[in-house]
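Here are my notebook entries from an afternoon with this structure. I kept them terse, so read along with the coordinates open.

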Amino acid sequence: MKIVAAKKILKANDQIAEENRVRFNASGVYGVNIVGSPGCGKTTLLEALFAQLNGRLAPAVIEGDIAGSIDADRIDALGIPVVQINTEGACHLDASMIAAATDGLDYQAIDLLVIENVGNLVCTAGFDLGEHLRLVVLSVSEGDDKLVKYPAIFQRSHALVITKTDLLPHSNFNIERATSDMKRLAPDAPVFLVSALKGEGIPALADWLAARMKR
Ligand code: MG
Ligand code: ZN
């Protein structure tokens, strides 16, 4: 019987992630890994962001889902190049999946590669995909306690996007609590309040992202 330690798998993943990053850098591609629970509004956020960034950037998207192509179809409808990864049960993307998916993308034609991870706040935290920036998305309807309950994913993200703020009047989500927990877990990470439905907060997030890409 062969026993492989999880630590070794993660080390192998880190190596492939670094190769992905080298490839991205060589083509001037900026990689963003979007993580968050199923239904937190990742794809809707992307639609709003791309509308806001229209003309300023040349994006492409990798969609990670267990099955189907619902999200990829939505991105495709915007005329943005998209590759759908079906993990067939796996609950997160890993760096080798990204390496395989990006073989189908024209790196020279894009400058922003957004990877929408499988909806999951747990093991997505452990897998570097080769991205430059990790955005964690938390919707108002999920509750403000998630930062305390799933600290790793927040700790390892460069910004927190709180979505569905139009629902705040109908929920007991405490923005101050979430913001102060984020400050404790990731002191340098800004917090963005967004309602993609109403278009609120999207310009600020788009400007911040564009500025990060220039750095
Ligand atoms: Mg989605
Ligand atoms: Zn997983």
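**Entry 1: L209**

I looked up L209 and found it buried, with a relative accessible area of 5%. (Buried means under 20% relative accessible area, exposed over 50%, and partly exposed in between, with a 1.4 Å probe and protein chains only.) L209 lies in helix 8; helices here are DSSP runs of H or I with at least four residues, strands are runs of E with at least two, and both are numbered from the N terminus. Leaving out residues up to four places away in sequence, I listed the contacts of L209 as Y30, V32, L49, L53, L112 and L133, where contact means heavy atoms within 4.5 Å. I also checked L209 against L133: they are 76 residues apart in sequence, and their C-alpha atoms are 9.2 Å apart in space.

A note on ground rules: this is a predicted model, in which local features need pLDDT of at least 70 and side-chain atom pairs count only at pLDDT 80 or more, while totals for chains, interfaces and linings use all residues. Residues are numbered from 1 along each chain as its sequence is written, chains are lettered from A and ligands numbered from 1 in the order in which they are written, and side-chain values use heavy atoms, with hydrogens and water left out.

**Entry 2: R212**

I stayed in helix 8 (residues 202–214), where R212 also lies. Which side chain of opposite charge is nearest to R212? I found D188, 8.1 Å away, and R212 is buried yet has no salt bridge. For the charges, Lys and Arg count as positive and Asp and Glu as negative, while His and the chain ends are not counted. A salt bridge is a side-chain nitrogen of Lys or Arg within 4 Å of a carboxyl oxygen of Asp or Glu. With residues up to four places away in sequence set aside, R212 touches Y30, L133 and H158.

**Entry 3: Salt bridges**

I counted 10 salt bridges in the structure. In one of them R56 pairs with D207, with the closest N and O atoms 3.1 Å apart. This pair links distant parts of the chain: R56 sits in the loop between helix 2 and strand 2, and D207 in helix 8, 151 residues away. Both ends are partly exposed, R56 at 42% relative accessibility and D207 at 43%.

Next I took R177 and D144, whose side chains meet at 3.1 Å, N to O. R177 is in helix 7 and D144 in the loop between strand 5 (133–139) and helix 5 (146–149), so the bridge ties together parts that are 33 residues apart in sequence. R177 is partly exposed at 35%, whereas D144 is buried at 10%.

I then noted D145 with K146, where the closest N and O atoms are 2.7 Å apart. Salt bridges that share partners join D144, R177, D181 and R184 into one network. I looked closer at D181, in helix 7: D181 is buried at 10% relative accessibility, and D181 touches D144, L147 and V148, not counting residues up to four places away in sequence.

**Entry 4: Metal sites**

What coordinates the magnesium ion (ligand 1)? I found T43 (OG1), D71 (OD) and E116 (OE), at 2.1 Å. T43 in helix 2 (residues 42–53) and D71 in helix 3 are 28 residues apart, so I read the pair as a link between distant parts of the chain. Both T43 and D71 are buried.

For the zinc ion (ligand 2), the protein donors are C91 (SG), H92 (ND1) and C123 (SG), lying 2.0 to 2.2 Å from it. Donors are N, O and S atoms within 2.8 Å of the metal (3.2 Å for Na, K and Ca), and water is not among the atoms, so sites may look incomplete. Along the chain the zinc donors follow the spacing C-H-x30-C. C91 is partly exposed at 34%, and H92 is buried at 14%.

**Entry 5: Strands and a positive phi**

I traced strand 2 (residues 59–65) and strand 3 (residues 82–86), which pair in the parallel sense over five bridges; two strands pair if DSSP finds at least two bridges between them. V61 stands opposite V82 in strand 3.

Last, I checked E88, in the loop between strand 3 and helix 4 (95–102). Its phi is near 50 degrees, a positive value in a residue other than glycine, and E88 is exposed at 74% relative accessibility.
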